Amino acid sequence: MRRPSKKLTIAIAAAGIIAVGGATALAYWTQGGTGTGSGSTGTTTAITVNQTSSVSGMYPGSSPQALSGTFDNLNANAVTI
């Protein structure tokens with residue numbers, strides 16, 4: 001029995017790769033599905049600001065003034081301010 005030529009082997013391998021790639025693309029682009037989903041947001045409690053410094057003479061264009069204090073967070077998780 002005669003062995004297939006190198007060109008024929010390469011052509012068969014290339015055809016196989018193209019067929020597998022085409023089948024993969026077809027499966028990817030024709031996939032389907034069904035289902036339902038929902039989402040909701042939680043509720044937050046107001047953050048309490050406890051200012052411990054006093055500010056005087058603050059107006060637009062004046063020099064910066066430092067503020068000091070703390071925040072009370074009564075929520076179950078961290079809240080970004």
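Modeller: Contact here means heavy atoms within 4.5 Å. With that rule, take the contacts in this chain between residues at least 6 apart in sequence: 32% of them join residues at least 24 apart. The model is a predicted one, where local features need pLDDT of at least 70 and side-chain atom pairs count only at pLDDT 80 or more, while totals for chains, interfaces and linings use all residues. Residues are numbered from 1 along each chain as its sequence is written, and side-chain values use heavy atoms, with hydrogens and water left out.

Biologist: Which elements does the chain have, and how many of each?

Modeller: Helices (H or I, at least four residues) and strands (E, at least two) are DSSP runs, numbered from the N terminus. This chain has one helix and two strands, and from the N terminus on the order is α-β-β.

Biologist: What radius of gyration does the chain have, set against a compact globule of 81 residues?

Modeller: The radius is taken over C-alpha atoms, and the globule rule is 2.2 Å times the number of residues to the power 0.38. A compact globule of 81 residues would have a radius near 12 Å, but this chain has 34 Å. Along the principal axes, its C-alpha atoms fill a box of roughly 100 × 40 × 20 Å. The C-alpha atoms of Ser56 and Trp29, which are 27 residues apart along the chain, are separated by 66 Å.

Biologist: Is Ser56 buried or exposed?

Modeller: Buried means under 20% relative accessible area, exposed over 50%, and partly exposed in between (1.4 Å probe, protein chains only). Ser56, in the loop between strand 1 (48-51) and strand 2, has a relative accessible area of 60% and is therefore exposed. Phe71, found in strand 2 (residues 69-72), counts as partly exposed because its relative accessibility is 48%. Across the chain, buried residues make up 1% of the 81 residues.

Biologist: Why does Asn75 count as buried?

Modeller: Asn75 is buried because its relative accessible area is 15%. Asn75 lies in the segment after strand 2 and, leaving aside neighbours within four places in sequence, is in contact with Thr43, Thr44, Thr45 and Ile47. A polar atom of the Asn75 side chain lies 2.5 Å from the backbone nitrogen of Thr45.

Biologist: How much of the accessible surface of the chain belongs to carbon and sulfur atoms?

Modeller: Accessible areas come from the Shrake-Rupley method with a 1.4 Å probe, and for residues only the protein chains shown count as cover. The surface of this chain comes to about 7700 Å², and 60% of that belongs to carbon and sulfur atoms.

Methods. Polar contact = N/O pair within 3.5 Å; in protein donor to acceptor, adjacent residues only side chain to side chain.
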